[in-house]
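Biologist: I'd like to learn how to read helix packing and sheets in a model like this one. Could you walk me through it?

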Amino acid sequence: MAAAEPIPPTIEWRGHSIRLLDQRALPARLRFLACNDVDTLVDAIATLAVRGAPALGVAGAFGVVLAADTLRTKRQVRAAAARIARARPTAVNLAWGVARGLEAYERGGRDTALDVAESLAADDVCRNRLIGTHGAALVPVDGAVLTHCNTGALACVGYGTALGVVRAAFETGRRPKVWVDETRPLLQGARLTMWECGRLGIDATLIADGAAAALMGRGKVDLVIVGADRVAANGDVANKIGTYGLAVSARQHQIPFYVAAPASTIDLATANGDAIVIEERDPDEVTHVGSHRIAPPDAEAFNPAFDVTPARLVTAIVTECGAARPPYRRSLPAHVRRAAEVVTPHP
Ligand code: MRU
């Protein structure tokens with residue numbers, strides 16, 4: 001990656017360990033975490049030191065290499081791979097990355113798995129740039145874009161998907177203004193997207209999640225663009241909790257609602273959103289902000305980390321192959337096919 005890159009790679013293989021940009025510490029500190037064993041990696045995934053569907057995919061592939069380096073038998077490596085894949089259930093990329101790493105390991109051993117993981121990492125950045133190129137045309141000059149969670153370089157190895165579209169528009173001379181949902185409960189918007197936009201020089205304004213519909217109603221949003229953790233064969237989209245509400249509001253106000261994701265996030269084996277497993281996280285994340293408790297001690301809380309937006313509310317899904325439009329049952333398989341033929345230059 002070029003030295004001028006304003007956001008360091010989120011995930012890299014260093015010697016015999018995975019180096020993660022520890023997203024739990026941002027924006028207060030730019031800190032890195034060395035994962036020297038599978039336990040540390042699984043904990044890093046579960047606690048969101050590494051997060052975002054594309055980054056999870058690459059973490060999964062490197063995780064197989066880590067397992068091969070630290071465990072004695074093939075059986076142990078397979079069991080560790082299954083454990084990594086289960087660490088978070090909703091993002092299909094995690095299981096996808098583990099499967100790619102494991103297939104390479106079974107075929108050619110640890111070094112082959114490392115080659116595949118390294119190429120997935122490089123490939124991620126190239127594909128995200130393509131998503132950006134295709135998506136930038138959807139952003140009007142000086143357009144107001146609303147986004148949710150963090151879908152930038154931090155959610156990938158680099159560049160970003162939905163925020164990558166905004167970045168690509170910015171890099172081609174458009175001057176988008178971004179409304180950033182804070183994204184309760186873990187505040188990926190407030191902590192991470194605002195940090196990235198600051199580093200990139202993109203004009204961003206943080207809003208409470210509950211403000212989004214009102215801004216749409218007042219004509220202050222031209223488009224909504226979000227990422228995805230899994231896109232079902234019919235175009236239903238699982239993404240960070242709160243996304244569905246944005247799509248409903250966007251439809252109510254006749255604002256386009258776009259999803260940006262690499263084809264690896266499209267899961268043709270899942271017929272529709274009903275079949276997507278939604279991760280439920282610790283209720284403490286809702287009763288607390290950071291380590292500070294805000295709810296009464298006996299308050300019950302429920303914490304689904306993702307929701308499913310029905311395909312009928314999605315204007316288009318931007319992949320590295322362009323914008324897939326409804327009917328998604330027809331357009332998504334074509335994108336998956338074409339994406340397999342995209343050759344990205346690896347450094
Ligand atoms: O819980 P997170 O932070 O991993 O959730 C991330 C999201 O929901 C993103 O929108 C999605 O993974 C796409 S990231 C390019």
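**Reading the packing**

Modeller: Let's start with a helix pair: helix H1 (residues 38–46) packs against helix H2 (residues 53–70) at an angle of about 165°, and their axes are 9 Å apart. That makes H1 roughly antiparallel to H2. Keep in mind that this is a predicted model.

Biologist: What is the handedness of the crossing where H1 passes H2?

Modeller: The crossing of H1 and H2 is left-handed.

Biologist: And which residues of H1 and H2 meet?

Modeller: From H1 you have Val38, Leu41 and Ile45, and from H2 they meet Leu56, Ala59, Gly63, Leu66, Ala67 and Thr70. Sorted by class, the contact of H1 with H2 has seven nonpolar residues, two polar ones and no charged ones.

Biologist: Now sheets. What is the general idea?

Modeller: Strands of a sheet pair through backbone hydrogen bonds, and the pairing can be parallel or antiparallel. Here, an open sheet of three strands follows the order E1-E2-E3, and its pairing is antiparallel.

Biologist: Which strands stand at the edges of that sheet?

Modeller: Strand E1 (11–14) and strand E3 (32–35) do; each has a single partner strand, so one side of each has no neighbour in the sheet. From one strand to the next, the twist averages 25°.

Biologist: How many bridges join E1 to E2?

Modeller: Four bridges join E1 to strand E2 (residues 17–21), and the two run antiparallel. To find one by eye, take Glu12: its bridge partner in E2 is Arg19.

Biologist: Which strands do the helices touch when they pack on this sheet?

Modeller: H1 packs on the sheet by touching E2 and E3, and its direction makes about 140° with that of E3. H2 packs on the sheet too, touching E1, E2 and E3, with its direction at about 20° to that of E1.

Biologist: Let's move along the chain. At what angle do H5 and H6 cross?

Modeller: Helix H5 (residues 110–136) and helix H6 (residues 162–171) cross at roughly 65°, and their axes come within 7 Å. That makes H5 roughly perpendicular to H6. The crossing of H5 and H6 is right-handed.

Biologist: Which residues make the contact between H5 and H6?

Modeller: H5 brings Ile131, Gly132, Thr133, Gly135 and Ala136, while H6 brings Gly164, Val165, Ala168 and Ala169. Divide the residues of that contact by class and you get five nonpolar, four polar and no charged.

Biologist: I also spotted Glu171, which is found in H6. How do I read its exposure?

Modeller: Look at the relative accessible area: buried means under 20% and exposed means over 50%. Glu171 has 45%, so Glu171 counts as partly exposed. For a sense of distance, Glu171 and Thr161 are ten residues apart in sequence and 14 Å apart in space, C-alpha to C-alpha.

Biologist: One more sheet, please. What is the strand order in the open sheet of four strands?

Modeller: The order is E11-E8-E9-E14, and the pairing is mixed. Strand E11 (266–267) and strand E14 (306–309) are the edge strands, each pairing on one side only.

Biologist: How do E9 and E14 run, parallel or antiparallel?

Modeller: Strand E9 (residues 237–240) and E14 run antiparallel, joined by four bridges. Ala238 stands opposite Val308 in E14. Helix H9 (residues 243–252) lies across E9 and E14 and runs at about 30° to E14.

Methods: Residues numbered from 1 in each chain as written. Predicted model: local features only at pLDDT ≥ 70, side-chain atom pairs only at ≥ 80, totals over all residues. Heavy atoms only, no water. Axes fitted to C-alpha atoms, helices over the stretch in contact; angles between N-to-C directions. Parallel < 35°, antiparallel > 145°, perpendicular 65-115°, else oblique. Left-handed = near helix turned anticlockwise from the far one by under 90°. Contact = heavy atoms within 4.5 Å. Nonpolar A, V, L, I, M, F, W, Y, C, P; charged D, E, K, R; others polar. Pairing = 2+ DSSP bridges. Buried < 20%, exposed > 50% of the residue type's maximum accessible area, 1.4 Å probe, protein only.
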